[in-house]
Amino acid sequence: PSYQQILQYSLQLLNISLIMISKQAMYLFKVFNVSSGFLNSPLLRNNFPPAISILHSSTNIKSKENLKSSIFKPKLVIFDKDGTLICFHTLWSSWCEETATRMSEAASKDLRGTIYDLIGYDQATKKLRLGLVAENTNQQVREAMIKMLVVQGFTKNQAEEILLKSWKDNPEVMNFKTTADLADIFSRLQKKSIKIAVCTSDSREGTEDLLKSENVEHLVDMVMCGDDVENVAKPAPNNILNICKQLDVQPEEAFMIGDTPADTIMGRAAHTGLTIGVLTGVGVTTDLLDADFIVDNVTDVVDLIDEVKS
(Lines give C-alpha, C1' and ligand atoms only; values in the text may rest on other atoms or scores of the structure.)
Protein backbone atom coordinates (compact mmCIF):
# COMPACT_ATOMS: atom_id res chain seq x y z
CA PRO A 1 0.00 0.00 0.00
CA SER A 2 1.13 3.53 -0.68
CA TYR A 3 1.78 6.10 2.02
CA GLN A 4 -1.46 7.83 1.05
CA GLN A 5 -3.43 4.59 1.50
CA ILE A 6 -1.90 3.97 4.89
CA LEU A 7 -2.70 7.53 5.91
CA GLN A 8 -6.26 7.11 4.65
CA TYR A 9 -6.70 3.94 6.69
CA SER A 10 -5.30 5.67 9.77
CA LEU A 11 -7.66 8.61 9.42
CA GLN A 12 -10.59 6.26 8.92
CA LEU A 13 -9.74 4.39 12.10
CA LEU A 14 -9.38 7.60 14.09
CA ASN A 15 -12.67 8.95 12.78
CA ILE A 16 -14.66 5.99 14.06
CA SER A 17 -13.29 5.87 17.63
CA LEU A 18 -16.09 5.85 20.21
CA ILE A 19 -16.76 5.71 23.91
CA MET A 20 -18.03 2.49 25.49
CA ILE A 21 -19.44 2.57 29.01
CA SER A 22 -18.86 -0.39 31.31
CA LYS A 23 -20.66 -1.16 34.54
CA GLN A 24 -17.85 0.28 36.63
CA ALA A 25 -15.99 2.79 34.47
CA MET A 26 -15.84 4.51 31.15
CA TYR A 27 -13.24 3.45 28.64
CA LEU A 28 -12.19 4.93 25.34
CA PHE A 29 -11.12 2.36 22.79
CA LYS A 30 -10.65 2.14 19.07
CA VAL A 31 -13.24 0.20 17.13
CA PHE A 32 -12.40 -0.53 13.54
CA ASN A 33 -14.90 -0.15 10.70
CA VAL A 34 -13.23 -2.60 8.37
CA SER A 35 -13.97 -5.52 6.13
CA SER A 36 -12.48 -8.95 6.76
CA GLY A 37 -9.98 -8.43 3.96
CA PHE A 38 -8.40 -5.40 5.58
CA LEU A 39 -8.66 -6.88 9.07
CA ASN A 40 -6.71 -9.94 8.02
CA SER A 41 -4.21 -8.08 5.89
CA PRO A 42 -0.50 -7.92 6.79
CA LEU A 43 -0.86 -4.14 6.77
CA LEU A 44 -3.13 -4.21 9.80
CA ARG A 45 -1.46 -7.15 11.49
CA ASN A 46 2.06 -5.73 11.22
CA ASN A 47 1.74 -1.95 11.26
CA PHE A 48 -1.24 -1.08 13.41
CA PRO A 49 -2.07 -1.93 17.01
CA PRO A 50 -4.87 -4.46 17.53
CA ALA A 51 -8.47 -3.28 17.50
CA ILE A 52 -9.63 -3.19 21.10
CA SER A 53 -13.23 -2.74 22.14
CA ILE A 54 -15.36 -3.79 25.07
CA LEU A 55 -18.66 -5.20 23.85
CA HIS A 56 -20.49 -5.58 27.13
CA SER A 57 -23.34 -8.06 27.15
CA SER A 58 -25.66 -5.26 28.26
CA THR A 59 -24.91 -3.34 25.08
CA ASN A 60 -27.08 -3.61 21.97
CA ILE A 61 -24.52 -5.33 19.76
CA LYS A 62 -26.83 -5.18 16.75
CA SER A 63 -26.45 -1.41 16.70
CA LYS A 64 -22.68 -1.57 16.24
CA GLU A 65 -22.42 -0.95 12.51
CA ASN A 66 -18.65 -0.69 12.86
CA LEU A 67 -18.50 -4.48 13.24
CA LYS A 68 -19.08 -5.58 9.68
CA SER A 69 -20.93 -8.86 9.33
CA SER A 70 -18.34 -10.08 6.87
CA ILE A 71 -15.78 -10.59 9.65
CA PHE A 72 -18.07 -12.92 11.58
CA LYS A 73 -18.19 -15.82 9.13
CA PRO A 74 -15.58 -18.30 10.41
CA LYS A 75 -15.32 -21.93 9.35
CA LEU A 76 -13.74 -22.86 12.66
CA VAL A 77 -13.84 -21.45 16.19
CA ILE A 78 -11.02 -22.47 18.54
CA PHE A 79 -11.69 -22.05 22.25
CA ASP A 80 -9.24 -21.97 25.11
CA LYS A 81 -10.69 -23.91 28.08
CA ASP A 82 -9.85 -22.55 31.54
CA GLY A 83 -11.01 -18.96 31.95
CA THR A 84 -12.77 -19.07 28.59
CA LEU A 85 -15.25 -21.94 28.78
CA ILE A 86 -15.07 -22.45 32.55
CA CYS A 87 -14.21 -20.33 35.59
CA PHE A 88 -10.49 -20.72 36.16
CA HIS A 89 -10.57 -19.87 39.87
CA THR A 90 -13.43 -22.20 40.77
CA LEU A 91 -11.58 -25.20 39.34
CA TRP A 92 -7.96 -24.47 40.19
CA SER A 93 -7.99 -22.72 43.58
CA SER A 94 -8.58 -26.04 45.35
CA TRP A 95 -5.80 -27.66 43.29
CA CYS A 96 -3.33 -24.95 44.41
CA GLU A 97 -4.06 -25.55 48.08
CA GLU A 98 -4.12 -29.34 47.76
CA THR A 99 -0.81 -29.36 45.89
CA ALA A 100 0.90 -26.99 48.34
CA THR A 101 -0.27 -29.08 51.29
CA ARG A 102 0.86 -32.38 49.75
CA MET A 103 4.27 -30.96 48.79
CA SER A 104 4.79 -29.51 52.25
CA GLU A 105 4.01 -32.87 53.83
CA ALA A 106 6.29 -34.73 51.42
CA ALA A 107 9.11 -32.24 52.07
CA SER A 108 8.52 -32.11 55.85
CA LYS A 109 8.66 -28.35 55.48
CA ASP A 110 5.96 -25.71 55.17
CA LEU A 111 6.32 -24.57 51.56
CA ARG A 112 2.80 -23.28 51.05
CA GLY A 113 3.66 -19.56 50.92
CA THR A 114 6.59 -20.17 48.57
CA ILE A 115 4.47 -22.35 46.30
CA TYR A 116 1.63 -19.82 46.21
CA ASP A 117 4.08 -17.08 45.19
CA LEU A 118 5.53 -19.32 42.48
CA ILE A 119 2.23 -20.33 40.92
CA GLY A 120 0.50 -16.97 41.32
CA TYR A 121 -2.16 -17.96 43.86
CA ASP A 122 -3.74 -15.58 46.37
CA GLN A 123 -5.05 -17.69 49.26
CA ALA A 124 -7.03 -14.79 50.71
CA THR A 125 -9.13 -14.24 47.58
CA LYS A 126 -8.93 -17.85 46.34
CA LYS A 127 -7.89 -16.56 42.93
CA LEU A 128 -4.95 -16.99 40.57
CA ARG A 129 -3.24 -14.26 38.62
CA LEU A 130 -1.56 -14.44 35.25
CA GLY A 131 1.53 -16.55 35.57
CA LEU A 132 2.86 -20.07 35.87
CA VAL A 133 -0.36 -22.05 36.33
CA ALA A 134 -2.63 -19.80 34.29
CA GLU A 135 -0.48 -19.82 31.16
CA ASN A 136 1.61 -22.98 31.15
CA THR A 137 1.32 -26.73 30.76
CA ASN A 138 1.51 -29.17 33.66
CA GLN A 139 4.98 -30.21 32.53
CA GLN A 140 6.19 -26.61 32.68
CA VAL A 141 4.68 -26.20 36.15
CA ARG A 142 6.36 -29.40 37.36
CA GLU A 143 9.74 -28.23 36.06
CA ALA A 144 9.32 -24.91 37.87
CA MET A 145 8.39 -26.76 41.09
CA ILE A 146 11.57 -28.83 40.95
CA LYS A 147 13.70 -25.71 40.48
CA MET A 148 11.95 -24.09 43.45
CA LEU A 149 12.65 -27.11 45.64
CA VAL A 150 16.34 -27.06 44.68
CA VAL A 151 16.51 -23.39 45.66
CA GLN A 152 14.94 -24.40 48.99
CA GLY A 153 17.94 -26.65 49.65
CA PHE A 154 16.81 -30.03 48.32
CA THR A 155 18.90 -31.99 45.83
CA LYS A 156 17.42 -32.52 42.39
CA ASN A 157 16.77 -36.18 43.20
CA GLN A 158 15.02 -35.21 46.44
CA ALA A 159 12.98 -32.58 44.62
CA GLU A 160 11.87 -35.06 41.99
CA GLU A 161 10.89 -37.56 44.71
CA ILE A 162 8.85 -34.92 46.56
CA LEU A 163 7.05 -34.00 43.39
CA LEU A 164 6.44 -37.64 42.50
CA LYS A 165 4.74 -38.19 45.87
CA SER A 166 2.62 -35.03 45.78
CA TRP A 167 1.78 -34.14 42.18
CA LYS A 168 -1.66 -34.63 40.65
CA ASP A 169 -2.72 -33.14 37.33
CA ASN A 170 -6.21 -32.26 38.52
CA PRO A 171 -8.02 -31.21 41.71
CA GLU A 172 -9.46 -33.89 43.99
CA VAL A 173 -12.93 -32.70 42.96
CA MET A 174 -13.45 -31.39 39.42
CA ASN A 175 -15.62 -28.38 40.17
CA PHE A 176 -16.67 -27.04 36.76
CA LYS A 177 -18.44 -23.68 36.62
CA THR A 178 -19.02 -22.83 32.97
CA THR A 179 -18.93 -19.27 31.67
CA ALA A 180 -21.75 -20.00 29.22
CA ASP A 181 -24.26 -22.64 28.21
CA LEU A 182 -21.76 -24.74 26.26
CA ALA A 183 -24.38 -27.04 24.75
CA ASP A 184 -26.24 -24.00 23.45
CA ILE A 185 -23.34 -22.07 21.94
CA PHE A 186 -21.72 -25.17 20.44
CA SER A 187 -25.04 -26.29 18.92
CA ARG A 188 -25.58 -22.86 17.41
CA LEU A 189 -22.16 -22.97 15.78
CA GLN A 190 -22.74 -26.50 14.53
CA LYS A 191 -26.03 -25.45 12.91
CA LYS A 192 -24.04 -22.94 10.88
CA SER A 193 -21.61 -25.71 9.84
CA ILE A 194 -18.85 -24.08 11.87
CA LYS A 195 -16.30 -26.49 13.28
CA ILE A 196 -15.34 -26.35 16.96
CA ALA A 197 -11.99 -27.03 18.62
CA VAL A 198 -10.64 -26.69 22.14
CA CYS A 199 -6.98 -25.76 22.58
CA THR A 200 -5.81 -25.88 26.21
CA SER A 201 -2.66 -26.15 28.29
CA ASP A 202 -4.57 -28.45 30.64
CA SER A 203 -4.42 -32.24 30.56
CA ARG A 204 -6.52 -34.34 28.22
CA GLU A 205 -8.10 -36.09 31.20
CA GLY A 206 -9.37 -32.83 32.67
CA THR A 207 -10.51 -31.52 29.30
CA GLU A 208 -12.45 -34.65 28.40
CA ASP A 209 -14.01 -34.68 31.87
CA LEU A 210 -15.37 -31.19 31.21
CA LEU A 211 -16.79 -32.03 27.79
CA LYS A 212 -18.41 -35.19 29.16
CA SER A 213 -19.88 -33.43 32.19
CA GLU A 214 -21.46 -30.79 29.92
CA ASN A 215 -22.55 -33.42 27.37
CA VAL A 216 -20.87 -31.58 24.47
CA GLU A 217 -18.25 -34.15 23.43
CA HIS A 218 -20.15 -34.91 20.23
CA LEU A 219 -20.18 -31.22 19.27
CA VAL A 220 -16.40 -30.72 19.41
CA ASP A 221 -14.44 -31.62 16.29
CA MET A 222 -10.97 -31.60 17.84
CA VAL A 223 -9.22 -31.16 21.18
CA MET A 224 -5.57 -30.20 21.64
CA CYS A 225 -4.22 -30.56 25.19
CA GLY A 226 -1.07 -29.65 27.06
CA ASP A 227 -0.02 -33.26 27.59
CA ASP A 228 -0.56 -34.38 23.98
CA VAL A 229 2.63 -35.59 22.31
CA GLU A 230 2.25 -33.12 19.44
CA ASN A 231 1.52 -30.16 21.76
CA VAL A 232 3.75 -27.10 21.53
CA ALA A 233 3.20 -24.78 24.47
CA LYS A 234 1.35 -21.51 23.95
CA PRO A 235 1.95 -18.85 22.72
CA ALA A 236 3.63 -20.68 19.82
CA PRO A 237 1.21 -20.90 16.87
CA ASN A 238 1.83 -24.62 16.28
CA ASN A 239 -1.30 -25.93 17.98
CA ILE A 240 -3.62 -23.66 16.01
CA LEU A 241 -1.86 -24.52 12.77
CA ASN A 242 -2.13 -28.22 13.59
CA ILE A 243 -5.84 -27.93 14.40
CA CYS A 244 -6.50 -26.05 11.18
CA LYS A 245 -4.58 -28.62 9.15
CA GLN A 246 -6.42 -31.54 10.75
CA LEU A 247 -9.81 -29.91 10.19
CA ASP A 248 -8.96 -28.71 6.66
CA VAL A 249 -9.47 -25.03 7.46
CA GLN A 250 -7.14 -22.15 6.66
CA PRO A 251 -5.97 -20.18 9.76
CA GLU A 252 -7.49 -16.99 8.34
CA GLU A 253 -10.86 -18.77 8.29
CA ALA A 254 -10.66 -19.50 12.03
CA PHE A 255 -11.28 -17.54 15.23
CA MET A 256 -9.17 -17.96 18.37
CA ILE A 257 -10.89 -17.11 21.65
CA GLY A 258 -9.06 -16.95 24.99
CA ASP A 259 -8.56 -15.11 28.26
CA THR A 260 -4.77 -14.78 28.53
CA PRO A 261 -1.92 -13.21 26.56
CA ALA A 262 -0.74 -16.74 25.74
CA ASP A 263 -4.02 -17.25 23.84
CA THR A 264 -4.12 -13.92 22.04
CA ILE A 265 -0.43 -13.94 21.09
CA MET A 266 -0.86 -17.49 19.78
CA GLY A 267 -3.83 -16.43 17.67
CA ARG A 268 -2.00 -13.51 16.12
CA ALA A 269 1.13 -15.61 15.52
CA ALA A 270 -1.02 -18.13 13.64
CA HIS A 271 -2.67 -15.30 11.63
CA THR A 272 -6.19 -16.38 12.52
CA GLY A 273 -9.04 -14.41 10.96
CA LEU A 274 -9.87 -12.95 14.37
CA THR A 275 -8.26 -13.26 17.77
CA ILE A 276 -10.77 -12.46 20.49
CA GLY A 277 -10.15 -11.85 24.18
CA VAL A 278 -12.73 -12.66 26.84
CA LEU A 279 -12.95 -11.19 30.35
CA THR A 280 -14.14 -14.32 32.15
CA GLY A 281 -10.67 -15.50 33.15
CA VAL A 282 -7.46 -14.19 34.69
CA GLY A 283 -6.67 -11.64 31.99
CA VAL A 284 -7.96 -8.06 32.15
CA THR A 285 -8.28 -5.61 29.28
CA THR A 286 -4.68 -4.42 29.48
CA ASP A 287 -3.44 -8.02 29.38
CA LEU A 288 -5.24 -8.73 26.10
CA LEU A 289 -3.79 -6.05 23.85
CA ASP A 290 -2.95 -8.63 21.20
CA ALA A 291 -6.62 -9.40 20.68
CA ASP A 292 -8.44 -7.87 17.71
CA PHE A 293 -11.18 -7.02 20.18
CA ILE A 294 -12.43 -7.99 23.62
CA VAL A 295 -15.85 -9.16 24.77
CA ASP A 296 -17.36 -10.10 28.12
CA ASN A 297 -17.72 -13.81 27.36
CA VAL A 298 -17.88 -16.46 24.66
CA THR A 299 -21.64 -16.07 24.26
CA ASP A 300 -21.07 -12.53 22.94
CA VAL A 301 -18.95 -13.95 20.11
CA VAL A 302 -21.49 -16.60 19.17
CA ASP A 303 -24.25 -13.97 19.25
CA LEU A 304 -22.31 -11.91 16.71
CA ILE A 305 -21.76 -14.94 14.49
CA ASP A 306 -25.43 -15.84 14.80
CA GLU A 307 -26.48 -12.46 13.43
CA VAL A 308 -24.83 -13.23 10.13
CA LYS A 309 -27.12 -15.05 7.71
CA SER A 310 -25.69 -18.33 6.47
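1. Glu135 is buried (under 20% relative accessible area, 1.4 Å probe, protein chains only) but forms no salt bridge, that is, no side-chain nitrogen of Lys or Arg within 4 Å of a carboxyl oxygen of Asp or Glu. Lys234 is the nearest side chain of opposite charge, 9.1 Å away; Lys and Arg count as positive and Asp and Glu as negative, with His and the chain ends not counted.

2. This is a predicted model, in which local features need pLDDT of at least 70 and side-chain atom pairs count only at pLDDT 80 or more. Residues are numbered from 1 along each chain, and side-chain values use heavy atoms, without hydrogens and water.

3. Glu135 belongs to helix H6 (residues 132-135); helices are DSSP runs (H or I) of at least four residues and strands (E) of at least two, numbered from the N terminus. The Glu135 side chain reaches the backbone nitrogen of Ala262 at 3.5 Å. Beyond neighbours within four places in sequence, the contacts of Glu135 (heavy atoms within 4.5 Å) are Leu130, Ser201, Thr260, Pro261 and Ala262.

4. Strand S9 (residues 254-258) is largely enclosed by the rest of the structure, because 5 of its 5 residues are buried. Ala254, Met256 and Gly258 point one way, while Phe255 and Ile257 point the other.

5. S9 pairs (at least two DSSP bridges) with strand S4 (residues 76-79) in the parallel sense over 4 bridges, and Val77 stands opposite Phe255. S9 also runs parallel to strand S10 (residues 274-278), joined by 4 bridges; here Gly258 stands opposite Gly277.

Conventions:
Buried means under 20% relative accessible area, exposed over 50%, partly exposed in between (1.4 Å probe, protein chains only). A polar contact is a pair of N or O atoms within 3.5 Å; within protein, one must be able to donate a hydrogen and the other to accept it, and residues adjacent in sequence count only if both atoms are side-chain atoms.
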